[in-house]
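These are my notebook entries on one structure. I set down what I looked up, topic by topic.

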Amino acid sequence: MRKRKKIRKPAVLTPEETILESISDGVFTVDLDWRVTSFNRAAEDITGVVRSEAMGRRCSEVFRSSMCGAGCALQRTLKTGKPIIGKSGYIIDADENRIPISISTAVLRDTEGRVVGGAETFRDLSEVEALRRELEGRFRVGDLASRSPLMQRVFEAVPVIAVSPSTVLILGETGTGKELIARTIHELSPRRDGPFIPVNCGALPDTLLESELFGYKAGAFTGANKDKPGRFAMARGGTLFLDEIGDVSPALQVRLLRVLQDHRYDPLGATRSETADVRVIVASNRDLAVQMRKGAFREDLYYRVNVLRVELPPLRRRKEDIPLLVDQFIERFNRLQRKSIQGIAAETLSLLMAYDWPGNARELENVIERSFVICQQGLIGIGHLPEELTAHSMTTGADLSVRSAHDLVDAQAIRAALDRNRCNRSAAARELGIHKTTLFRRIKKLGISLPRRNGRSPQE
């Protein structure tokens, strides 16, 4: 007679165990020897370790957390009796993945109040971390970071420009970061493994610039005892960045035109041409179109360099970036000068927001660097800023309140939204995420002047 198969009844869970199994946070408990005594379903999912393997093992062997050892939150809780809530760190799961988590701890006591171990809950922050990186990525390209809508257009264009082999023209005032953009294009390009060679054309006299760019052969002139490679040769396989190309003489413009058209050049004293295996990025703080119309810049060279174009807005048109830049500069100078400056005082930041920054981001960087010399600790105050900056605020009567800083940022954001939407108020309000009447109220309060067209006219 065939035996009937015995059916195993599922384990009956206590109400507390049912709750622990149903929540999405990982929970485990340890005894006083740090061995795991319970391990819920979510803990299995997050760590990739099955319950049967976790039970009885030391918790540090299961979690391999950045907080194990001296930084153990549960150890501190058992020592002090005080819980820790929401401490951030990471664990290494069973597949060797780094999982960001936040943990909370508590002491476990028996029915008589004696400490018998500890409990730890942990939450998987992978999705939060991914979202944070996605948001950061929207405001960053390479080493460039900005929250300005004007710069967002540049950020969208840079990766597309980087993969193209064409010549790039970068326009912008002095100190707007033209070389940083050029380096970013190089780093994102197929030539990233090659050299990036910058040349400031405006810093060298014409005769010296020619030999710097193209090199020379021994005997080419008095004192040329041996061959010297030029910057075109040094940049082979990479990128040559010609800054301030608007300062180059007409004679040298002819030679540059030949390189860009034929990809060949002649070192001084050479009897045969060399091949230029470089991508050329040029930049200028001048309006080259105006220079061309004046006859100071060759028309054919202008159209040769103006294939792909990037225009960098001055800092006064993207003041919403000032807090971000200040934080970056403080972090950098803390690292370089081994200081621990905590940040900048609100009234100081307001003063920086009220200034027009003719020297752009470079001037702001110099101001923060100078303040580091005077400020030894704590926050950077108005007294740590250069006198010319504080004097400017006194003469202009700038309001140093935090509210004025907010108003400046608001005005910048509204003007940018109106520009992008061709002064269509409704579209600008939708982009800003506010009601149209709120937008009108803010425009009136901030004294923003509007054109008579409203973006809904048929001619637009």
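**Entry 1. The largest pocket.** I looked up the lining of the largest pocket in this predicted model, and I found that its residues divide into 8 nonpolar, 6 polar and 12 charged. The volume of this pocket is about 660 Å³. Its lining comprises 26 residues, and I noted Gly177, Leu180, Phe329, Arg332 and Glu365 as the closest to the centre. I then asked which elements give two or more residues to this lining. They are β7 (144-145), α8 (178-188), α14 (322-337) and α16 (360-374). The greatest contribution is that of α14, which gives 6 residues.

**Entry 2. The second largest pocket.** I recorded about 320 Å³ of space in the second largest pocket. It is lined by 16 residues, and those nearest its centre are Leu171, Glu311, Leu312, Pro313 and Arg317. By class, I counted 6 nonpolar, 3 polar and 7 charged residues in the lining. Both α7 (149-162) and β16 (308-311) supply at least two of the lining residues. Here α7 gives the most, with 3 residues.

**Entry 3. The cavity.** I next turned to enclosed space. How many cavities of 30 Å³ or more does the structure hold? I found 1. The space in the largest cavity comes to about 30 Å³. Its lining consists of Phe232, Leu242, Ile245, Leu256, Leu260, Val280 and Val282. Two elements, α11 (250-262) and β15 (279-284), give two or more residues to that lining. I noted that the lining has 7 nonpolar residues, with no polar and no charged ones.

**Entry 4. The nonpolar cores.** I looked up the largest nonpolar core and found 31 residues in it. Those with the most contacts inside this core are Leu213, Phe214, Phe232, Leu242, Ile245 and Leu256. I noted that Phe232, Leu242, Ile245 and Leu256 also appear in the lining of the largest cavity. The elements giving two or more residues to the core are β8 (168-171), β9 (196-200), α9 (206-214), β12 (239-243), α11, β15, α12 (288-294) and α13 (299-305). Of these, α11 gives the most, with 5 residues. There is also a second, separate core of 23 residues, and Val326, Val367, Ile368 and Phe372 are among its members.

I then followed Leu213 from the largest core. Which residues does Leu213 contact, leaving aside its neighbours within four places in sequence? I listed Val199, Gly230, Arg231, Phe232, Leu242, Leu252 and Leu256.

**Entry 5. Two residues with positive phi.** I examined Glu244 and His263. Glu244 is not a glycine, yet its phi is positive, at about 55°. This residue is found in the loop between β12 and α11. Is Glu244 buried or exposed? Glu244 counts as buried because its relative accessibility is 12%, and the cut-off for buried is under 20%.

His263 likewise has a positive phi, of about 60°, although it is not a glycine. I placed His263 in the loop between α11 and β13 (264-265). The relative accessible area of His263 is 43%, so this residue is partly exposed; that class lies between the 20% and 50% limits.

**Entry 6. Thr47.** I located Thr47 in helix α2 (residues 41-47). Thr47 has a relative accessible area of 1%, and it is therefore buried. I asked where its side chain reaches, and found the backbone nitrogen of Val49 at 3.2 Å. Apart from neighbours within four places in sequence, the contacts of Thr47 are Phe39, Phe63, Ile91, Asp93, Ala94 and Phe122.

**Entry 7. The chain as a whole.** I closed with the totals. The secondary structure of the protein chain comes to 20 helices and 18 strands. The chain has 460 residues, of which 41% count as buried. Among contacts in the protein chain with a separation of 6 or more, I noted that 63% are made by residues 24 or more positions apart.

How values were computed: Residues are numbered from 1 along each chain as its sequence is written. This is a predicted model: local features need pLDDT of at least 70, side-chain atom pairs count only at pLDDT 80 or more; totals for chains, interfaces and linings use all residues. Side-chain values use heavy atoms; hydrogens and water are left out. Helices (H or I, at least four residues) and strands (E, at least two) are DSSP runs, numbered from the N terminus. Buried means under 20% relative accessible area, exposed over 50%, partly exposed in between (1.4 Å probe, protein chains only). A polar contact is a pair of N or O atoms within 3.5 Å; within protein, one must be able to donate a hydrogen and the other to accept it, and residues adjacent in sequence count only if both atoms are side-chain atoms. Contact means heavy atoms within 4.5 Å. On a 1 Å grid over the protein atoms alone, a cavity is a set of points where a 1.4 Å probe fits but cannot get out, and a pocket is an open set with protein on both sides within 12 Å along at least five of seven lines; lining residues have an atom within 4 Å of a point. Grid points are joined across faces, edges and corners, and a volume is the space filled by probe spheres set on the points. Ala, Val, Leu, Ile, Met, Phe, Trp, Tyr, Cys and Pro count as nonpolar, Asp, Glu, Lys and Arg as charged, and the others, Gly among them, as polar. A nonpolar core is a set of buried Ala, Val, Leu, Ile, Met, Phe, Trp, Tyr and Cys residues joined through side-chain atoms within 4.5 Å.
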